[in-house]
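Q: Please take a close look at one part of this structure, the nonpolar core, and then place it in the context of its surroundings.

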There are 2 protein chains.
Amino acid sequence: MKPQPNHRQQEILTALHKAGGSARIHTIAQTLDVSEETVRRNIKHLTTIGAVEKLHGGARIVGNAEETSFQQRLSENPEAKIRIAHKVAEMIPNGSSLFLDIGSTTAYIADALRDHQNLLVVTNSIAVAYKLATRNNNRVFMAGGELRSHDGGAFGMDAMNFADNFQTDFAVLSAAGINAANGFMLFDLEEAKFSRLIMSKSATRIIAADARKFNRVAPVTIGNPDLVDYLVCDALPPKDITQACESWTTEITLAN
Amino acid sequence: MKPQPNHRQQEILTALHKAGGSARIHTIAQTLDVSEETVRRNIKHLTTIGAVEKLHGGARIVGNAEETSFQQRLSENPEAKIRIAHKVAEMIPNGSSLFLDIGSTTAYIADALRDHQNLLVVTNSIAVAYKLATRNNNRVFMAGGELRSHDGGAFGMDAMNFADNFQTDFAVLSAAGINAANGFMLFDLEEAKFSRLIMSKSATRIIAADARKFNRVAPVTIGNPDLVDYLVCDALPPKDITQACESWTTEITLAN
DNA sequence: TAATAAATGTTGCTTTATGTTGTTTTTTGA
DNA sequence: TCAAAAAACAACATAAAGCAACATTTATTA
């Protein structure tokens with residue numbers, strides 16, 4: 001049997017696309033009004049050319065970034081991060097300029113910004129850039145360099161010099177830990193340096209963090225917590241952090 | 001000479017367009033109230049022009065690369081691009097260093113390289129970088145700058161200077177048009193400049209292009225075709241291009 | 001209007017795709 | 001862990017699509 005390009009395969013691809021990247025054999029068969037065997041046979045062909053990936057009971061498009069949501073589902077505490085992301089997106093008007101740093105929460109924020117228009121986004125995160133470039137007349141500036149293999153971020157002097165070119169309305173950051181004594185903390189010095197820089201180059205600073213970050217320990221401080229204008233989180237922090245935020249004039253915004 | 005005959009082909013094109021880019025012969029025949037043979041014959045003509053692609057049971061519009069968006073271009077002729085992508089991936093061993101430029105075909109090549117290990121990838125395409133960073137111990141170097149909104153590519157002096165830092169085993173490029181007289185062509189001068197640069201900085205040069213590119217017109221030449229070592233495509237080019245490739249010592253590799 | 005060229009329709013035949021049936025494998029739920 | 005259910009697979013018969021040669025219609029030109 002020599003497989004050939006076939007219109008049925010085209011139909012299956014579009015069906016998968018409409019279904020958001022993956023669907024069940026049964027569903028596809030019903031949609032196209034053919035037998036499930038036909039769907040399986042054609043999916044088999046699409047598999048051999050690498051267009052789709054076969055799952056038991058269904059299939060999924062390979063590539064085209066639809067799987068990002070799948071990767072994200074694996075991350076921790078996604079519901080909270082999604083709520084936070086939408087809250088942050090509400091705070092950012094169309095046409096704004098903003099820094100978006102790297103982090104699992106900021107990746108969700110990029111998703112939440114997908115319907116915004118005319119944004120000017122400066123980022124060192126490949127995921128953020130990928131999600132917002134080629135959309136809605138946004139202008140996206142990506143810091144170049146070697147991308148860290150664990151998170152796809154660009155760091156170092158080149159990234160700093162790149163970011164130094166900009167002055168934006170918002171800086172949107174994540175934090176790995178928050179406590180009353182030290183403020184906002186990260187695990188990585190490079191990240192912290194970048195965070196400090198973009199805070200100094202923006203009018204409004206927003207830190208997004210889910211409740212698990214409260215009183216979690218991280219080694220590097222992001223810098224003077226007085227600079228942070230908003231802390232967006234999914235639950236009220238413990239009393240000591242709430243009081244500290246008051247002293248920093250940091251407004252706590254609850255995502256619901 | 002023949003004012004009416006074209007009309008049928010025009011009707012078929014509009015029918016395809018209304019159907020979302022692809023349709024079955026049977027459906028088109030019913031829509032236009034003609035025999036299926038007539039539809040096949042006209043589609044055959046449209047195929048030789050390069051306007052549509054024939055599938056068993058149907059046909060699909062081949063859009064003009066200049067006018068369609070990057071996302072749309074990704075979905076054009078995906079089987080051919082995927083086949084080509086896998087062929088190119090076969091040519092690249094684990095641990096190689098390579099330039100990957102921007103283009104819908106190279107986006108598929110990035111997908112096809114998803115199981116490769118320890119690659120060093122230099123690119124100016126956000127899609128390529130996103131797909132290969134954070135995978136299999138790859139090192140990915142992304143050229144920074146403003147990302148073009150229609151394809152997510154970084155261009156200009158900064159991208160050029162960035163690429164200039166590297167010397168790689170492979171350069172993998174796309175072409176928008178190929179003809180015997182001018183060699184490999186692109187629509188955009190910036191792209192062509194970048195292509196020339198990375199060709200000059202790599203040991204083996206591979207151009208990936210599907211059959212629709214043969215004898216398609218594009219304004220800017222990529223440079224001296226003698227430099228190109230491999231042309232990977234999904235069908236044999238017309239005789240004149242085949243001969244030209246011989247004179248350029250460019251090996252034609254067929255993806256099947 | 002007749003002659004010619006082009007396009008379309010028709011028919012018989014070959015190739016390819018699909019549906020069906022029965023069997024094996026994988027998942028699910030207790 | 002097992003049994004029932006769902007899904008996948010294999011093999012065959014049938015249906016659909018493609019192809020080529022010829023007949024017919026439609027358009028073009030002298």
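A: In this predicted model, the largest nonpolar core comprises 136 residues, and within it the most contacts belong to Val172(A) and Val172(B). Leaving aside residues up to four places away in sequence, Val172(A) touches Val88(A), Leu98(A), Phe99(A), Leu100(A), Thr106(A), Ile109(A), Ile206(A) and Ala208(A). Another core, of 12 residues, lies apart from the largest one, and its members include Ile28(B), Leu46(B), Ala59(B) and Ile61(B).

Two of these residues, Ala59(B) and Ile61(B), fall in a stretch of chain B that deserves a description of its own, since strand S3 (residues 58-61) of chain B pairs with strand S2 (residues 52-55) of chain B in the antiparallel sense over four bridges. Within this pairing, Glu53(B) has Arg60(B) in S3(B) as its bridge partner. The two strands, S2(B) and S3(B), form a hairpin with two residues between them, and in the turn Gly57(B) has a positive phi of about 95°.

As for the surroundings between the chains, 36 residues of chain A are in contact with 40 residues of chain B. On the side of chain A that touches chain B, at least two residues each come from helix H1 (7-18), helix H7 (126-132), strand S6 (139-142) and strand S7 (145-147) of chain A, and by class that side has 17 nonpolar, 15 polar and four charged residues. Strand pairing also crosses from one chain to the other: S6(A) is joined by three bridges to strand S7 (residues 145-147) of chain B, the two running antiparallel, with Val140(A) standing opposite Leu147(B) in S7(B).

How values were computed: Residues are numbered from 1 along each chain as its sequence is written. Chains are lettered from A and ligands numbered from 1 in the order in which they are written. This is a predicted model: local features need pLDDT of at least 70, side-chain atom pairs count only at pLDDT 80 or more; totals for chains, interfaces and linings use all residues. Two residues are in contact if their C-beta atoms, placed from the backbone, lie within 7 Å. Ala, Val, Leu, Ile, Met, Phe, Trp, Tyr, Cys and Pro count as nonpolar, Asp, Glu, Lys and Arg as charged, and the others, Gly among them, as polar. Two strands pair if DSSP finds at least two bridges between them. A nonpolar core is a set of buried Ala, Val, Leu, Ile, Met, Phe, Trp, Tyr and Cys residues joined through C-beta atoms within 7 Å. A residue is buried if 20 or more other C-beta atoms lie within 10 Å of its own, exposed if 12 or fewer, and partly exposed in between; C-beta atoms are placed from the backbone.
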